[in-house]
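Welcome! Here is a short guided look at a protein model, moving from one part to the next. Keep the 3D view open as you read.

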Amino acid sequence: LSLGPGSPRCPLVDVASASNFRCFQLRHFHLDLRLNFAVKEMSGWLVLDLVPVQLGVCTLVLDSHPSLLIHSIDCKVPGAGLDEPVSLTYRVDPFTDYGSSLNISLPTAAVKPGRLIQITVRYTTTDGPAIWWLDSELTCGQTRPLVFTQGHSVCNRSFFPSFDTPAVKSTYTATVRVPDGVTVLMSASRSSYSKQDRVFQFSMEFPVPSYLVALVAGELQHVDVGPRSRVWAEPCLLSCAVKKLGGSVERWLGVAEDLFGPYLWGRCDIVFLPPSFPIVAMENPCLTFIIASILESSEFLLIDVIHEIAHGWFGNAVTNATWEEMWLSEGLATYAQRRITTEAYGEAFTCLETVVRLDALHRQLRLLGDNNPVSKLQVKFEPGVNPSTLMNLFTYEKGFCFVSYLSELSGDVTRFDCFLRDYISEFKFKSVVAQDLIDYFLGYFPELKDAAIAQREGLEFERWLSGCGPPPYEPDLSAGGALIRPVQDLCDLWRSADPPDLQTLSTFDLSAWSTFQIVLFLDRMLDHSPLPHGTPLSGSYSSLFDGLNAEVQIRWLQMVVRNTFYPDLPRVRAFLHKHVRTHKKTAAESCIRQSFWLCFCIVVLILYLFLKLVLVSLWLFYI
C-alpha cells in the first residue's frame, strides 16, 4: 500500500483501546440522552453509522466501562433486508482498570465491506470517570447542581461506548433532554433549543476524536465577547469572566490565523467551571472548558486561553494518532501559543513565561533522573497503563523544544510559520504520527533532507523522540533578559552569606513585577530552600504576597513551610480552607489538578514539622 500526500501513517494498534477500530470506518454517531440530576444518571442511546472495511468481520468491539449499564443493542442494514432493527447479542469483558470491551456479534450475512450498518446501543451511565455530578454546594453559585464531562484521554468510554482512540475521528449529533432551568452546552459547531420540550440539539459538522466530545449542564448564562466568541459561566461568575477576557479572544484568534491559517471550527466559546473541574483547561472544540479559579491571575488566564486556542490547529484539527505521542498535540500547541504571545505581547513576555516552564522541566528532571523513561517524547507503554499518567512537562516543554529546534533548522521563524500553516492544511481533520510530521518537514525543506539534518550528531531526530533526559536543544531566551535578570539578581542577594540590607532591597519593587516574575523568583528560592536560619524573607514579602493570586500564594506558602516561618503558618490553613474543595469522587476516579496536590504537599510538610517539634520536645523532656 503506497501512501500519497496527506495520507497519515496511523498505527494498526492502540494499546489503550480494546476496540477493533481498524475493521470499520466510523462515518457519524448520534447521542440521545436524558439527564437525571436526582439520581445522577444519563440514560438514552447511541447510534453508530459504520462501514466495514475488511472481509469476514463478524464482531464489533467498542471501548466501554464497567460504570456503563448496557440495556440492549440492535442493528439495521439499510438496503440489505435489515431495514428494521434486529436485536444483537453482546458481552462485556474486562480490559484495564480504566475500561472494558463491549463485544457485539454482527449479522454476518448482511455485513459486507463498503455497506453501511447502524448499531444502536441503549445504556445508562452511573458513576464513571468521565462524568462529574456536582451538588449545588460544590458549584460557584451554590444554588443549582451542575454536571460536566471530561474525556481526555481515555475517560469518555464511560460516557458512551466508542472507538475511544485518537486515531478515529467522526462527526456527531446529540439530543439532550433536561429539567426546566438547565442549560446544556456541548463541543459542537451548531446548537438549538426547544423551550417547550426542554430539548437541546447539537451538531458537530467537523470530524473529532471521541475524547473531544464534551458536555456541561447547569445554571449557565452567556455574554458575547466577539463576533465568534461568547463566555459562559454561572451567573455569579459571568461579569468577572467577561471583564477579565474583554475583547481579547478575537484578538488572539486573529493573531493565530495570521500565523497558522483560518480557524476551522467556527465558534470559539469558553465556559468557566467550578473548582471541582479536575484540570486547568480542556481544548474541547468550539467550547473550551476552563477552571474558574484561574480568573484570579490575568497572566495565567491569558496563557491558558491562548494555549487552548492554539489547540484549534494543533491537537484538534491535526491530532496525535496514539497517546504514546501526545507531544504532537501539546508540544506543537505550546510552540504555537508562544508564537501568538510573541506577536501579541512581545518577545520578552514570552521568554519570561518560557523560562518559568523550562525551570520546572529541569526541576522535574532532577527529581526523576535523566534516565527516567517518562522523559521521552515517544513513550512506549505497556497494555493496561493509563495514558493520563503520561501527561507531564516533557509532553509540553520537551515537545516545545523539539519544535523550536525544527524552527531553528528552517532558518527563519516566519518561514517555519508557513510550514506549520501548510502542515495544517495538509493533515487537517486527520490523526498523525511523529513520522508524518518529520517526513512533511523534510519534504518541505529538501535542502535539510539533502544535508542529512535528521542525523546531525547529538541532535538526531531519533534521539529527540526516543531518548531520555533533557532536551538536546533549548531556544535562545535572552530577549527576556530585561524581565528575567532582576529576578535572578534578587535571588542571588537572598542566597548570599549575609542577608541583604533594606536599602539594597528597596531597589527591587516587587509590587511592579508581573505574576510570572514573582513566580520565577519564588520557584528559584524554593530550589534553594531551606534558607539559612533567620533569613528575613517573611518580614520583607509576606504582606505583599498574601494579597496576590493563588499561583503566587501556593509558592509563597511552600516557602513558609520549608523555611519554618512560624508567624505565617496560619496563612497556610486559611489558603487550604479557601481553595481545597470536597470532591465526590473516589481517589481512583479523580485526577485532582496540580494546585490541589501542591496543597496536599503543604499539609504533609506541616505534619512533618509538627512531628519534628513533638520529637524535639520529647527529647528535651527526657534529657
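## A hairpin to begin with

Strands E4 and E5 form a hairpin with 4 residues between them. In the turn you will find Gly79, which has a positive phi of about 85°. This is a predicted model, so please read every value here as computed from it.

Strand E4 covers residues 68-77, and its pairing with E5 is antiparallel, over 3 bridges. To see one of the matched positions, look for Asp74: its bridge partner in E5 is Ser87.

## The sheet around the hairpin

Where do these two strands belong? Both are part of an open sheet of 8 strands, in the order E5-E4-E8-E2-E1-E11-E14-E13. The pairing in this sheet is mixed. Its edge strands are E5 (82-87) and E13 (190-194), each of which pairs on one side only. On average, neighbouring strands of the sheet are turned by 15° against each other, ignoring direction.

Further along the order, strand E11 (residues 170-177) meets strand E14 (residues 199-208). These two pair in the antiparallel sense, over 7 bridges. Within this pairing, Val176 stands opposite Phe200 in E14. A handy rule while you look at strands: in a regular strand the side chains alternate between the two faces of the sheet.

## A second sheet, with helices on it

Another open sheet has 5 strands, ordered E16-E17-E18-E20-E19, again with mixed pairing. Strand E16 (221-226) and strand E19 (281-282) stand at its edges with a single partner strand each, so one side of each has no neighbour in the sheet. Strand E17 (residues 229-233) and strand E18 (residues 269-273) pair in the parallel sense over 2 bridges, and Trp232 stands opposite Val271 in E18.

Helices pack here too. Helix H1 (residues 235-245) packs on the sheet and touches E16, E17 and E18; its direction makes about 145° with that of E17. Helix H3 (residues 298-310) lies across E18, E19 and strand E20 (287-291), running at about 150° to E20.

## Two helices that cross

Two packed helices are described by the angle between their axes and the distance between the axes. For helix H6 (residues 393-410) and helix H7 (residues 413-427), the angle is about 115° and the axes are 8 Å apart. Their crossing is right-handed.

Which residues make the contact? On the H6 side they are Val403, Leu406, Ser407 and Ser410, and on the H7 side Val413, Arg415 and Phe416. By type, the contact residues divide into 4 nonpolar, 2 polar and 1 charged.

## The nonpolar core

The largest nonpolar core has 206 residues. Within it, Ile119, Phe272, Tyr423, Phe461 and Phe521 touch the most other members.

What does Ile119 touch, leaving out residues up to four places away in sequence? Its contacts include Leu46, Val47, Leu48, Leu50, Leu60 and Ile73. Also among them are Asp74, whose partner Ser87 you met in the hairpin, and Cys75, Leu88, Ile104 and Leu106.

## Loops worth a stop

Most residues other than glycine have a negative phi, and most peptide bonds are trans. With that in mind, try Lys40, in the loop between strand E1 (24-36) and strand E2 (41-52). Lys40 is not a glycine, yet its phi is positive, at about 60°. Its relative accessibility is 28%, so Lys40 counts as partly exposed. Gln142, in the loop between strand E9 (131-134) and E10, also has a positive phi, of about 55°, without being a glycine. Gln142 counts as partly exposed, at 49% relative accessibility.

Two cis peptide bonds are also worth finding. One joins His152 and Ser153, with omega about -5°; Ser153 is in the loop between strand E10 (146-149) and E11. Another joins Ser529 and Pro530, with omega about 5°; Pro530 lies in the loop between helix H13 (515-527) and helix H14 (537-546).

## One last glycine

Finally, visit Gly181, in the loop between E11 and strand E12 (183-186). Is Gly181 buried, exposed or partly exposed? With a relative accessible area of 37%, Gly181 is partly exposed. Setting aside neighbours within four places in sequence, Gly181 is in contact with Arg144 and Gly218. For a sense of distance, Gly181 and Ala479 are 298 residues apart in sequence and 52 Å apart in space, from C-alpha to C-alpha.

Key
Residues numbered from 1 in each chain as written. Predicted model: local features only at pLDDT ≥ 70, side-chain atom pairs only at ≥ 80, totals over all residues. Heavy atoms only, no water. Pairing = 2+ DSSP bridges. Axes fitted to C-alpha atoms, helices over the stretch in contact; angles between N-to-C directions. Left-handed = near helix turned anticlockwise from the far one by under 90°. Contact = heavy atoms within 4.5 Å. Nonpolar A, V, L, I, M, F, W, Y, C, P; charged D, E, K, R; others polar. Core = buried A, V, L, I, M, F, W, Y, C linked by side-chain atoms within 4.5 Å. Buried < 20%, exposed > 50% of the residue type's maximum accessible area, 1.4 Å probe, protein only.
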